[in-house]
Amino acid sequence: MKLQLSVFAALLVGHASAVRPLTVNGGNFVNSAGDRFVIVGLAYQPGGASGYDPASGKDPLSDPDVCLRDAAIMQRLGINTIRVYNVNPEVNHDMCMSIFNSVGIYVALDVNSPLDGESIHRHDPQSSYHEGYIKRIYSVVDAFKGYPNLLGFFAGNEVVNDALSASLVPPYIRAIHQNLKGYIAKHATRAIPVGYSAADDPTRRPMWAYLSCGDDADSRTDFYGLNSYQWCGDSTWESSGYQGLVDTFKDTSVPLFFSEFGCNKIRPRPFGEIAVLYSERMISSWSGGLLYEYSQERSDYGIVEIDSNGDARLLKDFDNLQSQYNNINLDLIKTKSVVTTAARHPNCEDTFILQGHSEKFNTSTTLPPNPATDLLEKGSGNANVGKLIPVTQTKTPHKVFTSTGVQIDGIEIKMLKDDETNTPSGENTSSAAVSDGSGGGSGDEKDAAGGLVVSAVSVVGITVVVGFFGLV
């Protein structure tokens, strides 16, 4: 009997189960079964933008041990999506993407990076829109197009954020959409959504209107993210400005979500906006959001602190966020199905795009030509094409501690069945660790040795198979 259970567990661990790829249907993300998908997610860039160094041969999705640790923590938190800002298309991401896939977590990727030649200059877009840049973004597509848990690509992040950039950049952003979607159509086996992440400033509405209008689906955005920090501390619906956001975007013809949120003026953050974002007031027109951010960096937005030896400590923000996620009404989300997704894309007329906007904004739909049409046809030349592989290890080699310094025993990913996504489990990780009498010692007493021991059968077997249900 023990042998049979061991074999059963091993088979489950090695199975490369897959979430359903997502597509866009009007104002919603949907999976292949037609079920609506709402983002419950985090920004994920350990080390911050300064931590991105292509010469190191690493990026946030290249170290399986780190991904195991973070996927196990995120699975307990209850999220279903991460956003990764800077990736190196030349390194292998198979195991990390497979790990996140196995726990039901999608990945949204920015194709740009902060390095010279790998992004569009907001005040001089023409000089930065060149063959080297196109090769960069096509290489990112090649590196990630094979993963079913790739939610989509961000063609830009706050490239338009002032009057000058608004007068110059918009046609380049539509051109990048066109470049990416054209390349995906020729070189990928499925349609992959391409969208934009906007600043929450006076350009937010004209940028949404400009990118989502017209009949040219090749250059039109598939989704629109807003980096919004309006809700701070104990804000209310009336004081936060959320009513204005709902009114502004109520007729969206593409999925709309917070590509960043989580004001940190009050610490620890109570995250009262979670209850509103996933409530009746917003869920009909908004598709959730990505909290900023997972790891504690200099900007002080993190919910998890990572030590130099790779061990992790949950912060009080993690506890508060988990509590808010546990109160999301998943039944309400399911009832707000795709019946409203037959939204019409308005014509690209100035009267629609510039409605209520007094500053200059470039509304031209005459787009700059692709500076690398040969790459569009023959490919980027990146042979590092990712694919799912079996996840054979579920235990993280790193220690994880609660916000009170108690070591958590049994930190390990729990493999989900095919087509399942991760959802809030109702668990309070920090309290559970205390009540379970988990290992002693504070975060200051961590050492790099010693793994965390959990029975493979109990984790991969019945507990997992019946314990998680998809959001969609």
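User: In which sense do β12 and strand β13 pair, and over how many bridges?

Analyst: In this predicted model, strand β13 covers residues 312–314. Glutamate 305 stands opposite arginine 313 in β13. The pairing of β12 with β13 is antiparallel, over three bridges.

User: Which strands stand at the edges of the sheet β12-β13-β14?

Analyst: The sheet is open and holds three strands in the order β12-β13-β14, with mixed pairing. Each edge strand has a single partner, so one side of it is left without a neighbour in the sheet. The edge strands are β12 (304–306) and β14 (400–401).

User: In the open sheet β1-β2-β3, which are the edge strands?

Analyst: Three strands form this sheet, and the pairing is antiparallel. An edge strand here pairs on one side only. The two that do so are β1 (22–25) and β3 (36–37).

User: Over how many bridges do β1 and strand β2 pair?

Analyst: Strand β2 comprises residues 28–31, and its pairing with β1 is in the antiparallel sense. Asparagine 25 stands opposite asparagine 28 in β2. The number of bridges between β1 and β2 is four.

User: Are α2 and α3 roughly parallel or roughly antiparallel to each other?

Analyst: Two packed helices are described by the angle between their axes and the distance between the axes. Helix α2 (residues 64–77) and helix α3 (residues 94–102) pack with their axes 9 Å apart, at an angle of about 15°. Angles under 35 degrees count as roughly parallel. The two helices, α2 and α3, are therefore roughly parallel.

User: What is the handedness of the crossing of α2 and α3, and how do the residues of the contact divide into nonpolar, polar and charged?

Analyst: The crossing of α2 past α3 is right-handed. On the α2 side the contact is made by Pro64, Cys67, Leu68, Ala71 and Met74, and on the α3 side by Met95, Cys96, Ile99 and Phe100. The residues of this contact divide into nine nonpolar, no polar and no charged.

User: Which residues point one way from β9, and which the other way?

Analyst: In a regular strand the side chains alternate between the two faces of the sheet. Strand β9 (residues 223–227) is mostly covered, with five of its five residues buried. Phe223, Gly225 and Asn227 point one way, and Tyr224 and Leu226 point the other way.

User: Which residue in β9 does tyrosine 196 stand opposite?

Analyst: Strand β8 (residues 194–199) pairs with β9 in the parallel sense, over five bridges. The residue in β9 that stands opposite tyrosine 196 is tyrosine 224.

Note on methods
Residues numbered from 1 in each chain as written. Predicted model: local features only at pLDDT ≥ 70, side-chain atom pairs only at ≥ 80, totals over all residues. Heavy atoms only, no water. Axes fitted to C-alpha atoms, helices over the stretch in contact; angles between N-to-C directions. Parallel < 35°, antiparallel > 145°, perpendicular 65-115°, else oblique. Left-handed = near helix turned anticlockwise from the far one by under 90°. Contact = heavy atoms within 4.5 Å. Nonpolar A, V, L, I, M, F, W, Y, C, P; charged D, E, K, R; others polar. Pairing = 2+ DSSP bridges. Buried < 20%, exposed > 50% of the residue type's maximum accessible area, 1.4 Å probe, protein only.
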